[in-house]
Amino acid sequence: MNKRIVIMGATSGIGRAVAERLALKGCRIGVAGRNVKALQLLAEQYPDRVVCHGIDITSPEASESLRELIEKLGGMDVYFHVAGTGYANDELVSEADVATVETNVTGYTRMIAAAYRYFRDERSGQGHIAAVTSVAGTKGIGNMASYSASKAYQQRYLTALEQLSHIQGLDIRFSDIRPGFIHTALLDSTNRYPMAMTVDYAAPRIVQALSRKRRISVIDWRWSILTAMWRLIPDCLWVRLPVSIGSLKTYSSPRREQ
């Protein structure tokens, strides 16, 4: 898998673990996020494989910053979007929902569209766009309303861009990677989560899904079964179920897993 891969959101958690594994496989990696010091440590660890660039996806200048990172990397074959945020928001605090939408919808759209334009205009319509969404996008979850809605948006956006790629006669591949709970900074460490996975367990499975260019990959098989069952429940019944999971940290100040 000797490719040039940009990972947006590689300062910690899933993004960092995937970057390390891909670097060991011989890939050239461009890592991006807000925590530049963390990115620099990763680049120092793999000086021949990793280059870094500070990017805040909520900034209007983020698209141009992505182009600068691509130039550092010497081109891009795969764009992998991991950056995201979310909160348990039983009280519907507006700031929490807005922060989620700014990152998971506005920032996500900005970066995925920029990657699409790059492959369309600079790579003769060839490339691979992948994103970590979530099983939460399957159904709306009571106290995770904005988070689950944002993940559903991400999934539909990839589907629409795949259709656009066919309409425009391009050869851009798309991968929607949907994990369940993974122990990262996004989760509240004081809570327990159903079928939670460690980063070390999830990362190699995400790398495998990325390398195989699978259109949709649910991480792991337990969540695949559960989400298949969720889809069978009509919304008129789903909204009456007491599904409310204290899965994400409660809102205190904007935080993003980038």
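Buried means under 20% relative accessible area, exposed means over 50%, and partly exposed is the range in between. Keep that scale handy for the exercises below, which work with a predicted model.

**Exercise 1. Find which residue pairs with Arg-123, and decide whether each partner is buried or partly exposed.**

Step 1. Start with the pair itself: Arg-123 forms a salt bridge with Asp-77, and the closest N and O atoms are 2.9 Å apart.

Step 2. Now place both residues. Arg-123 sits in the loop between α4 and β5 (126-132), while Asp-77 sits in the loop between α3 and β4 (78-81), so the bridge ties together parts 46 residues apart in sequence.

Step 3. Apply the scale. Arg-123 has 22% relative accessibility and counts as partly exposed, because the buried class needs a value under 20%. Asp-77, with a relative accessible area of 16%, is buried.

Step 4. Look for further partners: Arg-4, Asp-77 and Arg-123 are linked in a network of salt bridges.

**Exercise 2. Work out which parts of the chain are linked by the salt bridge between Glu-122 and Arg-67.**

Step 1. Check the distance: the closest N and O atoms of Glu-122 and Arg-67 are 3.4 Å apart. The cut-off for a salt bridge is 4 Å.

Step 2. Locate the two ends. Glu-122 belongs to helix α4 (residues 94-122) and Arg-67 to helix α3 (residues 62-73), which puts the partners 55 residues apart.

Step 3. Classify them. Glu-122 is partly exposed at 46%, and Arg-67 is partly exposed at 32%.

**Exercise 3. Say where Asp-235 and Lys-139 lie, and whether Lys-139 is buried or exposed.**

Step 1. The side chains of Asp-235 and Lys-139 meet in a salt bridge with an N to O distance of 2.8 Å.

Step 2. Asp-235 is in helix α8 (residues 235-238) and Lys-139 is in the loop between β5 and α5; the two are 96 residues apart.

Step 3. Lys-139 is buried, with 12% relative accessibility.

Step 4. For the overall tally, the structure has ten salt bridges.

**Exercise 4. Describe the largest cavity: how much space does it hold, and what lines it?**

Step 1. A search of the whole structure finds one cavity of 30 Å³ or more. The largest cavity holds about 40 Å³ of space.

Step 2. Its lining includes Tyr-87, Asp-97, Asn-143 and Tyr-147.

Step 3. Sort the lining by class: five residues are nonpolar, four are polar and one is charged.

Step 4. Find the main contributor: helix α5 (residues 145-167) gives the most to the lining, with three residues.

Note on methods
Residues numbered from 1 in each chain as written. Predicted model: local features only at pLDDT ≥ 70, side-chain atom pairs only at ≥ 80, totals over all residues. Heavy atoms only, no water. 1 Å grid on protein atoms, 1.4 Å probe; cavity = no way out; pocket = protein on both sides within 12 Å on 5 of 7 lines; lining within 4 Å. Points joined across faces, edges and corners; volume = space filled by probe spheres on them. Helix = DSSP H or I, 4+ residues; strand = E, 2+ residues; numbered from the N terminus. Nonpolar A, V, L, I, M, F, W, Y, C, P; charged D, E, K, R; others polar. Buried < 20%, exposed > 50% of the residue type's maximum accessible area, 1.4 Å probe, protein only.
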